[in-house]
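Me: Hi! I'm new to reading structures, and I'd like to go through this one with you. Can I just ask things as they come up?

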Amino acid sequence: MDPLIRSLLTELRRGNLTLAVLSQLRTPQYGYSLVQLLEELGVTIEQNTLYPLLRRLEKQKLVTSSWDTTDTRPRKYYELSEYGVEVFHQLKAEWITSTKKLYDVLNEGEEE
Amino acid sequence: MINLYIQEVTRRLPEKSREDIGLELESTIYDMLPEDYDEEDVKEALQSLGNPAILASKYSEKPMHLIGPKYFDVYTSFLKLILPISIILSLITVVAVKVLNPVEGGAVLETILEIIGEGIWHMLTVAIHTFFWITVTFAIVERADKENNRSPISMNFKPWTPDDLKMVTYLPKEKRIKNYEFHFGLIWTVIWAAIYFYADRLIGVYENGDNGLRLVSPAFDQDILLSFWPWVVLLIIGEVALTVYKYMKKQWTYRLASLQALYELATTVVFVVIITRSNLFTTEFLQKTGELFDTTSSKIEASMTWGLVTISIVYTVIAIYDVYKKANIKVKDR
């Protein structure tokens with residue numbers, strides 16, 4: 001792929017990824033399970049982007065984390081906080097309206 | 001191999017988050033591996049996590065650049081402002097030191113060459129120092145800044161607002177005083193001041209001797225010349241002040257033109273007073289030049305005096321006319 005197109009696509013995806021990750025954290029997930037979950041849904045995310053993103057969301061108090069040591073391996077689970085749920089719904093609404101608008105704008109161009 | 005990878009990531013992170021991130025990475029990597037894994041599987045897993053340096057930088061969120069977009073504009077403006085000034089100051093220092101401590105009995109040419117050599121060396125050193133310290137300062141500010149707002153800031157270290165435009169004066173191209181005029185103005189002041197205080201070693205009749213070009217008979221009686229020093233010092237101060245004022249105004253105004261004209265007049269008056277002073281030229285110098293042009297020394301003195309007076313007056317008239325012409329340019333306000 002053209003490197004320019006690739007970098008533009010990365011830019012386009014960046015914000016969407018946060019939204020996708022937030023949407024999947026309504027149930028507790030650990031790092032790798034989240035990767036698989038997103039992949040099943042057709043969202044590819046670089047792992048070296050996802051893990052730091054999770055920590056950043058935690059720092060921003062959108063998600064909470066807890067270590068689960070009952071399993072064979074200790075795993076760190078992330079889940080949306082109350083504030084996170086609130087923010088997620090707002091972002092979701094914004095995303096839907098702006099995507100609709102963008103869709104109209106792009107379609108308009110097609111018709112001409 | 002897994003531990004090595006984790007170490008490569010965590011050693012780049014702040015102490016307090018190392019353990020947590022390390023543990024999480026470890027469990028993640030094992031999650032990625034199948035039941036019975038071999039080295040190839042590990043390699044594949046690590047490959048998908050990518051370069052540890054990049055992963056660490058994404059964790060730490062510290063910038064991977066020296067000066068980012070938020071500060072870059074202010075940084076370059078600072079450099080443009082401070083670099084030339086510090087370079088000129090270093091040049092002035094070199095010239096001043098050289099003039100105050102002349103090489104004993106040294107030929108003029110050598111002294112001048114030495115000034116040029118040391119001047120270039122010092123200017124380079126100062127330029128590198130200035131550049132380095134400004135860069136370091138901004139790099140530190142960039143890292144110390146914890147604010148979430150990453151939009152570029154303007155010269156007053158705040159985000160831009162339309163009110164900032166009130167601080168900017170509209171500079172029409174025709175009236176603008178270029179920055180190099182300011183820099184050369186300062187250098188010119190240093191040069192003529194050095195020549196004045198150093199005239200008995202610089203101006204006169206030169207002869208080629210054993211040690212290269214040597215001044216054999218100075219043109220001026222230095223005692224008489226230096227008896228005017230308070231006036232000359234006043235002129236130097238005046239010129240420097242005027243140059244700085246020009247730099248701040250950045251364009252020709254009537255007030256600036258009047259100040260410049262006043263200064264030109266004062267210079268000419270002082271110059272004429274000095275030059276017409278009797279016995280200013282040394283008899284030796286007048287004799288030598290007289291021989292050169294096959295005429296008497298009194299004739300040489302008269303023609304030199306009046307020649308210089310005429311030149312300086314003509315120059316002053318032209319200069320004053322020129323600045324008023326620039327100040328008079330009408331520009332439509334936009």
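Reply: Sure, here is a chat about the sheet, the chain contacts and the salt bridges. Keep in mind that this is a predicted model.

Me: Let's start with the sheet in chain A. What order do the strands come in?

Reply: The order is β1-β3-β2 in chain A, in an open sheet of three strands with antiparallel pairing.

Me: And why do β1 and β2 of chain A each have one side without a neighbour?

Reply: β1 (29-30) and β2 (63-68) of chain A are at the edges and have a single partner strand each, so one side of each has no neighbour in the sheet.

Me: How many bridges are there between β2(A) and β3?

Reply: Six bridges link β2(A) with β3 of chain A, which covers residues 75-80, and the two pair in the antiparallel sense. They also form a hairpin, with six residues between the strands. If you want to find some partners on screen, A:Trp67 is bridged to A:Lys76, and A:Ser66 to A:Tyr77.

Me: Nice, found them. What about β1(A) and β3(A), how many bridges join those?

Reply: Two bridges, and this pair of strands runs antiparallel as well. Look for A:Gln29, whose bridge partner in β3(A) is A:Tyr78.

Me: Which strands does α2(B) touch when it packs on the sheet?

Reply: That helix from chain B touches β1, β2 and β3 of chain A, and its direction makes about 100° with that of β3(A).

Me: Okay, new topic: the two chains together. How many residues are in contact?

Reply: On the chain B side there are 18 residues, in contact with 16 residues of chain A. In chain B, the residues losing the most area to chain A are B:Glu24, B:Asp31 and B:Lys58, together 33% of what that side buries.

Me: And how much area do chain B and chain A bury between them?

Reply: About 1700 Å², with 53% of it on carbon and sulfur atoms. As background, interface size is often given as the accessible area lost when the parts come together.

Me: How many salt bridges are there between chain B and chain A?

Reply: Four salt bridges, while the structure over all chains holds 11. One example is A:Arg55 with B:Glu24, where the closest N and O atoms are 3.6 Å apart. That pair crosses from helix α3 of chain A (residues 47-59) to helix α2 of chain B.

Me: You mentioned B:Asp31 too. Which residue does B:Asp31 form a salt bridge with?

Reply: With A:Arg75, and there the closest N and O atoms are 2.5 Å apart.

Me: Which helices of chain B supply residues to the side that touches chain A?

Reply: α2 (15-32), α3 (39-49) and α4 (52-60) of chain B each supply at least two residues. α2(B) gives the most, with 10 residues. Sorted by class, the side of chain B that touches chain A has eight nonpolar, five polar and five charged residues.

Terms used:
Residues numbered from 1 in each chain as written. Chains lettered and ligands numbered in written order. Predicted model: local features only at pLDDT ≥ 70, side-chain atom pairs only at ≥ 80, totals over all residues. Heavy atoms only, no water. Contact = heavy atoms within 4.5 Å. Buried area = accessible area lost by both parts, 1.4 Å probe. Salt bridge = Lys/Arg side-chain N within 4 Å of Asp/Glu carboxyl O. Helix = DSSP H or I, 4+ residues; strand = E, 2+ residues; numbered from the N terminus. Nonpolar A, V, L, I, M, F, W, Y, C, P; charged D, E, K, R; others polar. Pairing = 2+ DSSP bridges. Axes fitted to C-alpha atoms, helices over the stretch in contact; angles between N-to-C directions.
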